[in-house]
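User: I would like to learn how to read a protein model feature by feature, with the general idea set out before the particular case. Could we work through one together?

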Amino acid sequence: MTAILAIVLVYFLTVGFSGEKKTNADSQLIVLMYHHIDPKTSDATITPEQFKSHLQALHDNGYNVVSMDKVLSFSRIKKNLPKKSVLITFDDGYESFYKYAYPLLKEYNMVATNFIVVDSTDHPSPQAIPHLTWDEMREMKQNGMSFYSHTYDQHKLAEVDQGGTKKPMLAYHLYVKDRSSAETNEEYKNRIKTDLSLAEKRLQEELGEQPHLLAFPYGAYNQTVIDISKELGIEKTFATTEGLNNLDDYVYHRVNAGSPYISANALMAKLKKLQETL
């Protein structure tokens, strides 16, 4: 009887009385999300000094900044990452990543991933915030940085109904004014598949063979986007909802760190609180 009780006790300590397996916060991956770095801040823009303070805080608090390659390789072999592992990501492919983030990351011996809007590099607009060039990405890739898809040209809000309502075009059927109706399911699927395929094609052409990954513009996606992504061999996807990640997840949560209101101390408090929820 004593042995049986001991087995039962071990089970409940591991699984919990709810019957659901407990999650070890130390085995979880934290993914940070940034966008733009500039001396002049905005809602999604932080200063170089603030970004440096974040990197210093990660270092001082014992976080392990890991590469995307390491995340993927550990995921494939079902192996846990080191405790307090953090993956740093940027969205949109702004040139400020090269100008400000890259030197600081090298200074701290850290790496990061940037999800680029591929068309913004292929066809830069003089009216837009400058985006990374392929040459800049190739240089940074030699030093551990990595670059993946934020779609080819779906990072836009577009009209989805007759009233002019605008929503993220990756996740919604667009309104076709010429015929006063929305895209058919087939038209929608073809648009998404064509765009994601072109993004992957251009990334491989310019940066060489590499994993296929996708960050959803505005964090918006649906089951069709997931299905097409898997069909195209996209290994992992990245949203904007906050949370911790198991390595075998297909959609990764990310913690917004790229706001001027998030100091280094606030970021550390946010990460600690997130881990304590498990």
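Analyst: Let us begin inside a helix. The model is a predicted one, and Leu72 in it belongs to helix α3.

User: Is Leu72 buried or exposed?

Analyst: The idea is to compare the relative accessible area with a cut-off, and buried means under 20%. Leu72 has a relative accessibility of 0%, and therefore counts as buried. Beyond the residues up to four places away in sequence, Leu72 touches Pro211, Leu213, Glu235 and Lys236. The C-alpha atoms of Leu72 and Asp248 are separated by 9.2 Å, although the two residues are 176 residues apart along the chain.

User: How should I place such a residue within the whole protein?

Analyst: Overall values give the setting: the protein has 9 helices and 15 strands, and buried residues make up 47% of its 278 residues. Of the contacts with a separation of 6 or more, 61% are between residues 24 or more positions apart.

User: What span should helix α2 have, and what is the distance between its end C-alpha atoms?

Analyst: The check uses a rise of 1.5 Å a residue, so the 13 residues of α2, residues 48-60, should span 18 Å, and the end C-alpha atoms are indeed 18 Å apart, which agrees. For helix α4, residues 96-107, the expected span of its 12 residues is 16 Å, and the distance between the end C-alpha atoms is also 16 Å.

User: Which residues of these two helices are buried?

Analyst: An α-helix has 3.6 residues a turn, so residues three or four places apart point the same way. In α2 the buried residues are Pro48, Gln50, Phe51, His54, Leu55, Ala57 and Leu58. In α4 they are Ser96, Phe97, Tyr100, Ala101, Tyr102, Leu104 and Leu105.

User: What do the buried residues of α4 pack against?

Analyst: Their partners include the helices α2 and α6 (134-141), together with the strands β2 (36-37), β5 (85-92), β6 (113-116) and β7 (146-149).

User: Where does phi turn positive just after these helices?

Analyst: Just after α2, Gly62 has a positive phi of about 75°, and just after α4, Asn109 has a positive phi of about 55°. Two further cases can be read alongside these. Lys84, a residue other than glycine, has a positive phi near 60°; it is found in the loop between α3 (68-76) and β5, and it is partly exposed at a relative accessible area of 26%. Asp92, likewise not a glycine, has a phi near 95°, but Asp92 lies in strand β5 and is buried, with a relative accessible area of 7%.

User: How do I read a buried residue in a loop, such as Asn245?

Analyst: One looks at accessibility, then at polar partners, then at contacts. Asn245 is in the loop between β13 (236-238) and β14 (251-252), and its relative accessible area is 0%, so it counts as buried. The Asn245 side chain reaches the backbone nitrogen of His253 at 2.5 Å. Not counting residues up to four places away in sequence, Asn245 touches Gln28, Leu29, Val31, Val251, Tyr252 and His253.

User: And what does Ala44, in another loop, touch?

Analyst: Ala44 sits in the loop between β2 and β3 (45-46) and is partly exposed, with a relative accessible area of 33%. With residues up to four places away in sequence left out, Ala44 touches His35, His36 and Gly258. The C-alpha atoms of Ala44 and Asn256, which are 212 residues apart along the chain, are separated by 9.3 Å.

User: Where is Pro168, and which residues is it in contact with?

Analyst: Pro168 is part of strand β9 (residues 166-168), and its relative accessible area of 15% is under the 20% cut-off, so Pro168 is buried. Apart from its neighbours within four places in sequence, Pro168 is in contact with Lys156, Leu157, Pro217, Tyr218 and Ala220. Its C-alpha atom and that of Phe216, 48 residues apart along the chain, are separated by 9.5 Å.

User: How many residues line the second largest pocket, and which lie nearest its centre?

Analyst: A pocket can be described by its volume, its lining and the character of that lining. This one has a volume of about 240 Å³ and is lined by 14 residues, with Val117, Ser120, Ser125, Ala128 and His131 nearest its centre. The lining divides into 5 nonpolar, 5 polar and 4 charged residues.

Key:
Residues are numbered from 1 along each chain as its sequence is written. This is a predicted model: local features need pLDDT of at least 70, side-chain atom pairs count only at pLDDT 80 or more; totals for chains, interfaces and linings use all residues. Side-chain values use heavy atoms; hydrogens and water are left out. Helices (H or I, at least four residues) and strands (E, at least two) are DSSP runs, numbered from the N terminus. The expected span of a helix is 1.5 Å times one less than its number of residues. Buried means under 20% relative accessible area, exposed over 50%, partly exposed in between (1.4 Å probe, protein chains only). On a 1 Å grid over the protein atoms alone, a cavity is a set of points where a 1.4 Å probe fits but cannot get out, and a pocket is an open set with protein on both sides within 12 Å along at least five of seven lines; lining residues have an atom within 4 Å of a point. Grid points are joined across faces, edges and corners, and a volume is the space filled by probe spheres set on the points. Ala, Val, Leu, Ile, Met, Phe, Trp, Tyr, Cys and Pro count as nonpolar, Asp, Glu, Lys and Arg as charged, and the others, Gly among them, as polar. Contact means heavy atoms within 4.5 Å. A polar contact is a pair of N or O atoms within 3.5 Å; within protein, one must be able to donate a hydrogen and the other to accept it, and residues adjacent in sequence count only if both atoms are side-chain atoms.
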